[in-house]
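Subject: Handing over a structure, with notes

Dear colleague,

Please find below the structure that I said I would pass on to you. I suggest that you keep it open beside this email while you read the notes that follow.

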Amino acid sequence: TYEISDELGARWKDAKPARRKRKRRLISPAPANALIDQEEDESDHFTKGLNIYKLLWVFYIGSFAGVIIELLWCFINEGYFESRNGLIYGPLNPLYGAGAAALSVVLYKFRNRGSWLSMLGGMVVGSAVEYAFSWVQELLWGSRSWDYSHLPFNINGRICLLYSFFWGLLGIFWIKKLYPICSKWILKIPNRVGKILTWIILAFFILDTAITGFAMIRWVERRKDIPAANAFDQFIDTHYSNERMERVFPNMVFSDDKNS
């Protein structure tokens with residue numbers, strides 16, 4: 001009974017913009033998730049529900065939008081633009097894309113439920129993704145892009161209660177506002193073109209990630225004065241110098257920097 005009451009209340013609240021007399025606005029309000037579900041069913045769209053195509057497009061959009069938001073936040077707070085990229089090519093950061101996809105997977109079944117479930121889910125999922133990315137980055141390259149050691153209630157400096165709370169708020173905002181808006185945009189992509197485009201973009205992401213990985217490995221090796229072992233290493237050193245890597249990843253901090 002509680003679940004039914006909670007869902008009915010959430011659906012009624014989400015449907016408020018549709019019940020009001022609409023005025024002309026520069027930005028349209030987010031559609032209710034129930035309306036998105038209906039449109040996907042009626043059109044039999046290739047991203048219907050939460051299939052692999054939908055998750056990949058959520059990943060792509062999240063990877064791009066996260067970087068843009070961080071750029072603007074840096075400009076507002078610091079007065080200048082600074083790279084927040086996670087990959088060498090394009091304003092893309094897989095951390096944001098993975099966070100958006102993970103939030104979608106966990107919160108999708110709560111999209112028509114009360115916000116408190118989205119809050120709890122966002123805190124858990126966002127913190128887990130953030131911790132995992134930090135741990136993998138330090139394991140592979142001995143570096144970190146963020147450190148919360150100076151904040152209270154942190155775990156190994158990788159996550160902290162304050163940012164977990166922000167992840168929770170983002171969970172609500174994501175599944176109630178951003179996810180339906182993203183889904184509405186995705187619905188405009190034709191089925192035939194969309195399927196092909198999905199795999200083309202994925203191939204680009206894989207290539208970009210591979211190049212970034214090789215460039216990071218040589219960056220670490222050059223810092224340890226390890227010379228290029230072959231022609232491929234020389235190619236990486238020529239095209240992805242320390243100066244270029246520092247421009248793309250200005251917040252990268254290596255463990256030997258902290259020890260020196």
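Arg84 counts as buried, because its relative accessibility is 16% and the limit for that word is under 20%. Even so, Arg84 takes part in a salt bridge with Glu82, in which the closest N and O atoms are 2.7 Å apart. Please bear in mind throughout that this is a predicted model.

Other salt bridges can be followed in the same way, since the count by the rule used here comes to 11. One of them joins Arg111 to Asp37, with 3.0 Å between the closest N and O atoms. Arg111 sits in the loop between H5 and H6, while Asp37 belongs to helix H3 (residues 33–43), so this pair ties together parts that are 74 residues apart in sequence. Both partners are buried, for Arg111 has a relative accessibility of 14% and Asp37 has a relative accessible area of 16%.

What, then, of Asp41 and Lys48, whose side chains also meet in a salt bridge: are Asp41 and Lys48 buried or exposed? Neither word fits, because Asp41 is partly exposed at 46% relative accessible area, and Lys48 is likewise partly exposed at 35%. The distance from N to O in this pair is 3.6 Å. There is also a network, in which salt bridges that share partners join Glu138, Arg144, Asp147 and Arg158.

Turning to the protein chain as a whole, you will find 11 helices and 4 strands in it, and 40% of its 260 residues count as buried. The protein chain exposes about 15300 Å², of which carbon and sulfur atoms supply 65%. If you take the contacts in the protein chain with a separation of 6 or more, residues 24 or more positions apart account for 71% of them.

The largest nonpolar core has 28 residues, and the members that touch the most others are Trp57, Tyr60, Leu103, Trp174, Tyr179 and Phe205. Two or more residues of this core come from each of helix H4 (52–78), helix H5 (94–107), helix H6 (115–141) and helix H7 (161–186), and H4 gives the largest share, with 7 residues. Leu103 is a good place to begin looking: leaving aside residues up to four places away in sequence, Leu103 touches Tyr108, Gly122, Val125, Trp167, Leu170, Gly171 and Trp174. Apart from this core lies another, of 12 residues, among them Met216, Trp219, Val220 and Tyr240. As background, nonpolar side chains in soluble globular proteins tend to be buried together.

How many disulfides does a search of the whole structure find? The search finds 0. Two cysteines that you may wish to look at are Cys74, which counts as buried because its relative accessibility is 2%, and Cys160, which is buried with a relative accessible area of 2%.

Finally, a word on confidence. The mean pLDDT of the protein chain is 87, and 87% of its residues reach 70 or more. Among the elements, helix H9 (residues 231–239) has the highest mean pLDDT, 96, whereas helix H2 (residues 16–19) has the lowest, 55. Where pLDDT is low, the predicted coordinates should not be read in detail.

With best wishes

Conventions
Residues numbered from 1 in each chain as written. Predicted model: local features only at pLDDT ≥ 70, side-chain atom pairs only at ≥ 80, totals over all residues. Heavy atoms only, no water. Buried < 20%, exposed > 50% of the residue type's maximum accessible area, 1.4 Å probe, protein only. Contact = heavy atoms within 4.5 Å. Areas by Shrake-Rupley, 256 points an atom, 1.4 Å probe, with all protein chains shown as cover. Disulfide = S-S within 2.5 Å. pLDDT = per-residue confidence, 0-100. Core = buried A, V, L, I, M, F, W, Y, C linked by side-chain atoms within 4.5 Å. Salt bridge = Lys/Arg side-chain N within 4 Å of Asp/Glu carboxyl O.
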